[in-house]
Amino acid sequence: MKSNILITGLIVIYLLFSPCFLSCNVLKAQVPGSAPVLSADDLKEWIGYLASDEMKGRASGSEEIEAVAKWLAGRYKEYGLSPLPGHNGYIHEYSFETRSGKKVNERNVIGFLEGNDPELKNEFILITAHFDHVGTGRPVEGDSIYNGADDNAAGTCTLLGIAGSIHRLKAETGRSIIFATVSGEEMGLRGSGHIAANPPFRLEDVYANINFEMTGHSEFLGRNNYYMTGCKLSNLDDIINEYNKETEYKLIDTIMAEGRLFYMSDNYSFANIRTENDITYGIPCGTFATTTFADYIHSPSDEAGLFDFENMAGLVNYFTGMIIYLSNTGMVADWTDEQFRRLR
């Protein structure tokens, strides 16, 4: 009888600490009672605001994008994020010059969630998404507002949804998490580039950069599917696929454009911190999306009415679990391409 009890106990311990159990139940284990998680209605409300005609396409340097930055800072506070250690607020101002010599005053919005593991909390998962777009432009069928719903109100709200869901779930994250909504992406990765060149935290301590763009559509890859740029450059996709083994979500790694897109989005600011002797030193990273070069991108037809909000809500809840998993995993994220080296 005692031996049977011992064997049963060992099986329970194995199950509790096995990767399968952790990945299958990482969200369920964090739910206190019946805590709410992100819904499609939440996303409709947020994206309805960010991509509204009143926001006039959220151009860099505009009053509208300044209003969005303040709105994001309010959501960060609501979701229990702190300003970065040593900083008094969420908004980090910077400026840049356009090719014509015009000075543009901008800001990034950065929040911090301290990890719970005594050792791992000294490492960071850096989650990014750009909240700017191109403003107004050439009218198409009388519409001159380039709303930028998928590019990139969707990525911004994916990031925000993860922050909100972790807060609602009272989830325990091992590593600390930095949430950085950045501006100036459409002007040449200006906001993320400013962080990389003037880091308000130790870049050497960043475990990985997870960047979100264009997550509102499902018709290109099908529901529950997404892709990641830079799959061939690091083992980050392998780590995520360990988590995916026990989920219904799939990382599609056969997207031809993903290699090109790796160098076009904010993740590249952190992949390319410096170059020495033809070796690029940076942080393992990738952009997560469901769309590549669709016809509606950078046009007035990029509107929220085209979204599959139910699929997007499912993805955000899935990404929440993925981030919790990454914050606790013992697997080391690193480059696999000989062109890149981890920043030390």
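**Environment of R58 and a three-stranded sheet**

The backbone oxygen of F131 is placed 2.7 Å from a polar side-chain atom of R58. In this predicted model, the side chain of R58 also reaches a second backbone acceptor, the oxygen of L50, at 2.8 Å. R58 itself is located in the loop that connects α3 (40–50) with α4 (63–78).

Although R58 is buried, no salt bridge is formed by this residue. The nearest side chain of opposite charge belongs to D151, at 6.7 Å; a salt bridge is counted within 4 Å, so the separation of R58 and D151 does not qualify. D151 nevertheless appears among the residues in contact with R58 when neighbours within four places in sequence are set aside. Under that condition, the contacts of R58 also include L50 and F131, together with A51, I65, V68, D132, H133, N147, G148, N152 and A153. L50 and F131 thus recur in the description of R58, as contact residues and through their backbone oxygens, L50 at 2.8 Å and F131 at 2.7 Å.

A separate element of the model is an open sheet of 3 strands, arranged in the order β10-β11-β13 with mixed pairing. Its edges are formed by β10 (274–276) and β13 (340–342), each of which pairs on one side only. From one strand to the next, the twist averages 35 degrees. In general, the strands of a sheet pair through backbone hydrogen bonds, in either a parallel or an antiparallel manner. Here, β10 and β11 (residues 279–282) run antiparallel and are joined by 3 bridges. Within this pairing, T275 stands opposite T280 of β11.

Note on methods
Residues numbered from 1 in each chain as written. Predicted model: local features only at pLDDT ≥ 70, side-chain atom pairs only at ≥ 80, totals over all residues. Heavy atoms only, no water. Helix = DSSP H or I, 4+ residues; strand = E, 2+ residues; numbered from the N terminus. Buried < 20%, exposed > 50% of the residue type's maximum accessible area, 1.4 Å probe, protein only. Lys, Arg positive; Asp, Glu negative; His and termini not counted. Polar contact = N/O pair within 3.5 Å; in protein donor to acceptor, adjacent residues only side chain to side chain. Contact = heavy atoms within 4.5 Å. Pairing = 2+ DSSP bridges. Axes fitted to C-alpha atoms, helices over the stretch in contact; angles between N-to-C directions.
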